[in-house]
Amino acid sequence: MKPELLIAAGLLALTLSACGGAEKNPAAPAAAAQGKDDHAGEGHADEGQSGHAHKEAAGEAGHGEKEGEEKPEATTIPNEIARRSGIVAAAAGPGTVADEHDVQGLITPLEGRVARITARYPGPVRSLRANIGDPVKAGQTLATIDSNLSLTTYSIAAPISGVVLARNAAIGEVAVEGTPLFEIADLSTLWVDLHVFGADASHLRPGLPVTVMRMGDEKGVDTVIDRILPGTATASQSTVARAPIKNPDGLWRPGSAVHARVTVEQQPVALAVPLTALQRMDDCDVVFVRDGERYSARPVKLGRRDARRAEVLSGLKAGEQVVVEQSFLIKADIEKSGASHEH
């Protein structure tokens with residue numbers, strides 16, 4: 001858990017303990033009083049058997065919940081404490097759920113933005129002025145070579161701006177005509193080659209939205225499919241879809257594996273909530289509905305979902321205020337109150 005969330009949870013717990021925590025069940029005292037009146041009217045008939053049964057019932061009630069008492073499913077949090085804890089509620093309403101396909105991909109340079117620089121004339125390399133990883137500008141001198149033909153020194157310049165990906169030369173070595181000495185690529189924009197298998201490939205088309213993420217990340221950059229390659233990848237027999245991504249800071253690197261989420265279709269639904277609103281309690285999906293300063297756990301039946309939101313089929317009405325941020329704090333407080341209730 002992030003440090004700021006731990007601080008928020010601690011602040012909420014300390015404040016609620018001072019305020020009394022979750023609501024108690026007002027029915028418990030009344031039930032106890034009613035039980036006392038019933039015993040008073042029974043007299044002393046079968047006193048031994050009745051006393052034995054009463055002791056067994058008392059022993060069972062001493063473990064877990066008391067008779068007539070239910071586990072709390074709500075808590076009260078003052079508005080100021082909720083605000084400081086980062087708890088946010090929003091009105092439930094209609095939305096869209098995306099039909100998404102998760103795929104793997106590979107970062108590659110764009111064709112036409114890679115240059116291989118060779119020697120024009122054979123001869124020994126006199127100087128080298130760029131190393132692997134160096135950014136270079138178009139026209140910048142990369143090396144000088146003593147020509148064996150003209151017995152003069154000539155320079156080799158970068159034909160494009162970019163980054164040096166490879167250097168295949170050393171000072172004093174003889175540069176052979178036509179042999180690549182440097183490889184330079186413009187990495188400001190890259191391709192993401194998305195490999196799609198089987199029936200999923202039939203859903204692909206140019207223009208579909210794509211979110212590209214580094215391995216292990218859940219946040220990425222948004223782009224669209226630019227083209228579907230006519231053939232298949234030889235090794236994997238997959239269909240390859242290409243999408244461009246901007247790379248101004250150079251953090252996306254050719255050859256890196258990525259994963260991506262292709263949105264095939266947006267489907268409207270009558271009622272949807274963000275995934276951050278959902279929690280699991282007693283093996284049920286629940287949301288927390290706010291009414292003033294009171295937060296109640298509401299079991300819901302879910303339908304379709306994507307990486308951001310889920311469709312609600314029942315258990316919630318449009319317009320009700322649902323906790324959409326820090327819902328786990330509400331769950332933790334209700335469960336803490338329930339645990340203390342059982343003892």
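**Exercise 1. Count the helices and strands, then gauge the burial of the chain.**

Step 1. The chain holds five helices and 23 strands. Helices (H or I, at least four residues) and strands (E, at least two) are DSSP runs, numbered from the N terminus. This is a predicted model: local features need pLDDT of at least 70, side-chain atom pairs count only at pLDDT 80 or more, and totals for chains, interfaces and linings use all residues. Residues are numbered from 1 along each chain as its sequence is written, and side-chain values use heavy atoms, with hydrogens and water left out.

Step 2. Of the 343 residues, 36% count as buried. Buried means under 20% relative accessible area, exposed over 50%, partly exposed in between (1.4 Å probe, protein chains only).

Step 3. Take contacts between residues at least 6 apart in sequence: 72% of them join residues at least 24 apart. Contact means heavy atoms within 4.5 Å.

**Exercise 2. Find the largest nonpolar core and say which element gives the most to it.**

Step 1. A nonpolar core is a set of buried Ala, Val, Leu, Ile, Met, Phe, Trp, Tyr and Cys residues joined through side-chain atoms within 4.5 Å. The largest has 20 residues. L194, V212 and V262 have the most contacts inside this core.

Step 2. Two or more residues come from each of β3 (93–109), β12 (189–196), β13 (209–214), β16 (239–246) and β17 (257–274). β12 gives the most, with four residues.

Step 3. Now inspect L194. Leave aside its neighbours within four places in sequence. L194 then touches V103, Q104, G105, V210, T239, V240, A241, A260 and V262.

Step 4. Another core lies apart from this one. That core has 19 residues, including I117, A143, A169 and A175.

**Exercise 3. Give the strand order of the four-stranded open sheet and locate its edges.**

Step 1. The order is β4-β11-β9-β6, with antiparallel pairing. Two strands pair if DSSP finds at least two bridges between them.

Step 2. β4 (114–118) and β6 (135–136) are the edge strands, each pairing on one side only.

Step 3. β4 and β11 (residues 180–185) are joined by five bridges. R116 stands opposite E183 in β11.

**Exercise 4. Trace the pairing of β22.**

Step 1. β22 (residues 309–314) pairs with β17 over three bridges, in the antiparallel sense. Here A272 has E311 as its bridge partner.

Step 2. β21 (residues 301–305) also runs antiparallel to β22, again with three bridges. L302 stands opposite V312.

Step 3. β21 and β22 form a hairpin; three residues lie between them.

**Exercise 5. Search for aromatic pairs and classify the geometry.**

Step 1. Rings of Phe, Tyr and Trp (its six-membered ring) pair if their centres lie within 6.5 Å; planes under 30 degrees apart count as stacked, over 60 as edge-to-face and the rest as tilted. The whole structure yields one pair.

Step 2. The rings are those of Y121 and Y154, with centres 5.5 Å apart and planes at 85°, so the pair is edge-to-face.

Step 3. Y121 sits in the loop between β4 and β5 (123–128), and Y154 in strand β8 (residues 153–157), so the pair ties together parts 33 residues apart in sequence.

Step 4. Y121 is partly exposed, at 39% relative accessible area. Y154 is buried, at 8%.
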